[in-house]
Amino acid sequence: MSNFLKKNKFKILFVALIIIAVPTLTSCRFDGGSWYVKPYTTYSQDWIDLWNGGAGFFNTLFGWPINLLSWPVAWICSAIGKGMGNSFFWGIFFTTIIVRTLAWPIYSRQNGMSLKMQLMQPEMAKVQKKYEGKNDPRSKQMMQQEMTKLYKKYKVNPLGCMTTMFLQFPIFMAMYEVVQRINATKTVTVDNVGVVVSGEFALANTKLFNYFDLTTSFFDATNIADRMFGLGVALLFGAVVFLQQKLGQRPMKYQKKYPNDKNKNKNQQQNQMKWMMIIMNVMFVFMSLRSTSLAIYWLIGGIYQIGQSQIGRMWNERQYEKAKQKENIF
């Protein structure tokens, strides 16, 4: 178990942070419904509302970087949607593609770091074998020094993959907030009469195919069609996530040449990691049942990410072969 934790500490940390952070940011930012379901206003007023204390402690603490990105993303989503029949769906669709494309350089950096790790793997295995079974402080220090030299040689930062993951997080959380807030409404009193007011970027056409309402959910839909549509989108999203994982587990061509399966507890480790991913996926599917628009956003993003990862996979394999032929390490 300890060996599993050491070998997969970064993956476990990332999964744990996602499991903790997403529900925390999405639930704490409700603060009784004062902020996260608050419609967009003008840019300056939005910041005043965020910082004046009415938004609550968690919204003020976590909200400023997300709000900084959320407002312009909401403007893009609204502009696209209004240009296509005031459609909420097309606003979400094209804005998701734009945001994912703009974040592609961050993903490419992460992809390049993974390639360097693979190039380094044969030499890393030699170092590990050299000091296998040597637990004295001197041997540990020597092993650490040799590993550090390898990291410098291949220009690899052990925490580089984690850094790129966290760089993407505020971007996708901003898109998450746009989906939740863009069609939010509030009630104001005019001449002692309650009037429902839409936000700055509201898109009036919230129907898909002029039939399915995207602003409801599986739990809140008032008719069976919207309820079943919400369920279908959530399940389809779950299937896309499952496909992502299956494709991600396929070894690269060069990984077949240099397999890294000497660990006796490999099957057990894989099962433990698999269950962690299953728990996370179930959580996301359940969250998508609470909002059909959110499920649509995640589904579009998931399909796009599959294509993105396959392109990255082909690029990695090509770059690996070039590097091995030229004996040139980045």
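Tutor: Helices here are DSSP runs of H or I that cover at least four residues, strands are runs of E that cover at least two, and both are numbered from the N terminus. On that basis the protein chain of this predicted model has 12 helices and four strands.

Student: How confident is the predictor, going by the mean pLDDT of the protein chain?

Tutor: The mean pLDDT is 75, with 67% of the residues at 70 or more. Residues 23-33 stay under 50 throughout, although the model gives them 27 contacts beyond four places in sequence. Residues 258-262 are likewise below 50, and that stretch has five contacts beyond its near neighbours in sequence.

Student: What share of the residues in the protein chain is buried, and how much accessible surface does the chain have?

Tutor: Buried residues account for 40% of the 330 residues, while the accessible surface comes to about 18,700 Å², with 62% of it belonging to carbon and sulfur atoms. As for contacts between residues at least 6 apart in sequence, 74% join residues at least 24 apart.

Student: Why is the pair of Phe89 and Trp90 called edge-to-face?

Tutor: Two tests apply, one on distance and one on angle. The ring centres are 5.0 Å apart, which falls within the 6.5 Å that a pair requires; the planes meet at 70°, and because planes over 60 degrees apart count as edge-to-face, the pair takes that name. A search of the whole structure finds 15 aromatic pairs, and another of them is Phe93 with Phe94, edge-to-face at 5.0 Å centre to centre with 85° between the planes. Phe89, Trp90, Phe93 and Phe94 together form one aromatic cluster.

Student: Why does Phe89 count as buried or exposed, and what about Trp90?

Tutor: Phe89 has a relative accessibility of 14%, and since buried means under 20%, Phe89 counts as buried. Trp90 stands at 34%, in between the 20% and 50% limits, so the label is partly exposed. The same label goes to Phe93 at 27% and to Phe94 at 31%.

Student: How do you know that Glu146 and Lys130 meet in a salt bridge?

Tutor: Side chains of opposite charge can pair when their charged atoms come close. For Glu146 and Lys130 the N to O distance is 3.0 Å, and because the criterion asks for a nitrogen within 4 Å of a carboxyl oxygen, the pair qualifies as a salt bridge. This pair links distant parts of the chain, with Glu146 in helix H7 (residues 137-153) and Lys130 in helix H6 (residues 104-130), 16 residues apart. Lys130 itself counts as partly exposed at 47% relative accessibility.

Student: How many salt bridges does the search of the whole structure find, and where do Arg181 and Glu177 lie?

Tutor: The search finds two salt bridges. Arg181 and Glu177 meet in one of them, at 3.0 Å from N to O, and both lie in helix H8 (residues 160-181), four residues apart, about one turn of the helix. Both Arg181 and Glu177 are buried.

Student: What makes Arg181 a charge that sits over the ring of Tyr40?

Tutor: The charged end of Arg181 is 4.0 Å from the centre of the Tyr40 ring, a distance that meets the 6 Å limit, which for Arg applies to CZ, while a second condition requires it to be within 35 degrees of the ring normal. Arg100 is placed over the face of Phe172, 4.3 Å from the ring centre.

Student: Why does Thr292 count as buried or exposed, and which residues does Thr292 touch?

Tutor: The relative accessibility of Thr292 is 1%, and as the limit for buried is under 20%, Thr292 counts as buried. Thr292 lies in helix H12 (residues 292-326), and beyond four places in sequence its contacts include Asp213, Leu214, Phe218 and Phe229.

Student: What are the labels of Ser288 and Gly248, buried or exposed?

Tutor: Ser288, in helix H11 (residues 266-289), is buried with a relative accessible area of 1%, and beyond four places in sequence it touches Ala234, Phe237, Ala295 and Trp298. Gly248, in helix H9 (residues 224-249), has 61%, and because exposed means over 50%, Gly248 is exposed. The C-alpha atoms of Gly248 and Arg313 are separated by 9.2 Å, with their positions 65 residues apart along the chain.

Methods. Residues are numbered from 1 along each chain as its sequence is written. This is a predicted model: local features need pLDDT of at least 70, side-chain atom pairs count only at pLDDT 80 or more; totals for chains, interfaces and linings use all residues. Side-chain values use heavy atoms; hydrogens and water are left out. Rings of Phe, Tyr and Trp (its six-membered ring) pair if their centres lie within 6.5 Å; planes under 30 degrees apart count as stacked, over 60 as edge-to-face and the rest as tilted. Buried means under 20% relative accessible area, exposed over 50%, partly exposed in between (1.4 Å probe, protein chains only). pLDDT is the predictor's confidence in each residue, from 0 to 100. Contact means heavy atoms within 4.5 Å. A salt bridge is a side-chain nitrogen of Lys or Arg within 4 Å of a carboxyl oxygen of Asp or Glu. Accessible areas come from the Shrake-Rupley method with a 1.4 Å probe; for residues, only the protein chains shown count as cover.
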